[in-house]
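Here are my notes on this model, point by point. Please keep the structure open while reading.

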Amino acid sequence: MFRRLFWVVAFVLALGLTAVAETADSGIVRIGLFTDVHAHDTDSPNEHKVMVNYAERISAFVAAMTAWSADAIVQLGDLVNGAFVMGAPLGDPARIVGILDDVLGLLAPFPGPVLHVLGNHDVYDLTKQEFLAGTGSEETFYSYDLGLFHFVVLDAQFTKAGTDVGRVGWMVQGTVPEAELAWLRADLAATAKPTVILIHQPLDVAFDLLAGGAPVSNAAAVRAALVESGNVIAVFQGHDHEDRYQVIDGVPYVTFAAMVDHDVATPPSWAAITLDPQTRTIHVEGVSEQATLDITF
């Protein structure tokens, strides 16, 4: 409990959250973002992942975002780990539903909307329908307006043939199927608002050893749709666990550091993101392993 309070206080002081908040007519939107919690009841001895302390980490994040008066929370996938853990007994996969319920209960005190992105680990022992039922979401890909900004949540948990993935046991590479890609093009064409894309597997990586190819098999086609729209100001993604930033064809891609604990002494990683339509900037205030950066659009 003391560590959790320390992390929250340190965050508040670092961002100067006692200052007067921006006025409502400024159009500023503030987002709290985290990814790759891998919530589980078993740690991974082979990967040195400490996954059982997710309650402490998520609670610290929610408290900090509430104190900051964030407009919304985004979680970028791999909210739960799935039953398979390297170097540990499998156990009963049915318990993953209970772990998901526990995690969602920890997020519930946040007073604003929570945008859920589906990760590959989320479907190892859950169907997409179970994930939707737990999170209260209607679809696994959708769009959402916050003030003057448009957010698009993508679901890459499909096979190359476009088949839905659920209770797959193990999967790394994803695909954005043609039907979803057509929806994405139409959604982007229907808005004039600056748009942020939210996806789990990164779109800016050409090859990943575990995936046996690009983490999103048709990433080039998805990127082309974003460029063609002319209104995508950033892509936020997870999966890789380490932060990264690069720009491709004028579109910034930000990969966020994982919240899952590789060292119990390290504070949880997350980001406090400020989108300012007047200065046309995105400020990412990184916490712990997440870097701080500024993007102009």
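Helices and strands are named here as DSSP runs, numbered from the N terminus. Asp78, for instance, falls in the loop between β2 and α3.

1. **Confidence.** This is a predicted model. The mean pLDDT of the chain is 93. Of its residues, 92% reach 70 or more. Among the elements, helix α1 (residues 2-15) has the lowest mean pLDDT, at 59. Strand β6 has the highest, at 99. Where pLDDT is low, the predicted coordinates should not be read in detail.

2. **Asp78.** Buried or exposed? Asp78 has a relative accessible area of 1%, so it counts as buried. Leaving aside residues up to four places away in sequence, Asp78 touches Asp36, Val37, His38, Gly119, Asn120, His121, Asp122 and His200. The side chain of Asp78 also reaches the backbone nitrogen of Asn120, at 3.2 Å. Leu126 is 48 residues from Asp78 in sequence. In space, the C-alpha atoms of Asp78 and Leu126 are 12 Å apart.

3. **His38.** One of the residues that Asp78 touches is His38. His38 lies in the loop between β1 (29-34) and α2. His38 is not a glycine, yet its phi is positive, at about 55°. With 1% relative accessibility, His38 is buried. Please look at the backbone here.

4. **His241.** A positive phi also appears at His241, at about 75°, although His241 is not a glycine. This residue sits in the loop between β7 (232-237) and β8. Why does His241 count as buried? Its relative accessible area is 19%, and the cut-off for buried is under 20%. The label therefore rests on a value of 19% against that limit of 20%.

5. **Salt bridges, in total.** How many salt bridges does the structure hold? The structure holds 10. Side chains of opposite charge can pair when their charged atoms come close. The next points take up some of these pairs.

6. **Arg57 and Asp261.** These two side chains meet in a salt bridge, at 2.8 Å from N to O. The pair links distant parts of the chain, 204 residues apart. Arg57 is in helix α2 (residues 54-68). Asp261 is in the loop between β9 (251-255) and β10 (270-276). Both Arg57 and Asp261 are buried.

7. **Asp204 and Arg244.** In this salt bridge the closest N and O atoms are 3.0 Å apart. Here too the pair links distant parts of the chain, 40 residues apart. Asp204 is in the loop between β6 (195-199) and α6 (219-229). Arg244 belongs to strand β8 (residues 244-248). Asp204 is buried, at 9% relative accessible area. Arg244 is partly exposed, at 26%.

8. **A network, and one further pair.** Lys128, Asp155 and Asp164 are joined into one network by salt bridges that share partners. Glu47 and Lys49 also form a salt bridge through their side chains, at 3.6 Å from N to O. Glu47 is partly exposed, with a relative accessible area of 32%. Lys49 is buried, at 8%.

9. **His116.** Which side chain makes a polar contact with the side chain of His116? Gln75 does, at 3.1 Å. His116 lies in strand β3 (residues 114-116). At 6% relative accessibility, His116 is buried. Residues up to four places away in sequence aside, the residues that His116 touches include Leu79, Leu104, Leu107, Phe131 and Tyr142.

10. **Surface.** Phe84, Leu90, Trp170 and Leu210 make up a nonpolar patch on the surface. Together they have about 410 Å² of accessible area. Leu90 lies in the loop between β2 (72-75) and α3 (96-107). Leu90 is partly exposed, at 46% relative accessibility.

11. **Glu138.** This residue is in the loop between α4 (128-135) and β4 (142-146). With 72% relative accessibility, Glu138 is exposed. Glu138 and Val80 are 58 residues apart in sequence. Their C-alpha atoms are 19 Å apart in space.

Note on methods:
Residues numbered from 1 in each chain as written. Predicted model: local features only at pLDDT ≥ 70, side-chain atom pairs only at ≥ 80, totals over all residues. Heavy atoms only, no water. Salt bridge = Lys/Arg side-chain N within 4 Å of Asp/Glu carboxyl O. Buried < 20%, exposed > 50% of the residue type's maximum accessible area, 1.4 Å probe, protein only. Helix = DSSP H or I, 4+ residues; strand = E, 2+ residues; numbered from the N terminus. Patch = residues over 30% accessible without salt bridge, like charges linked within 9 Å, V, L, I, M, F, W, Y side chains within 5 Å. Areas by Shrake-Rupley, 256 points an atom, 1.4 Å probe, with all protein chains shown as cover. Contact = heavy atoms within 4.5 Å. Polar contact = N/O pair within 3.5 Å; in protein donor to acceptor, adjacent residues only side chain to side chain. pLDDT = per-residue confidence, 0-100.
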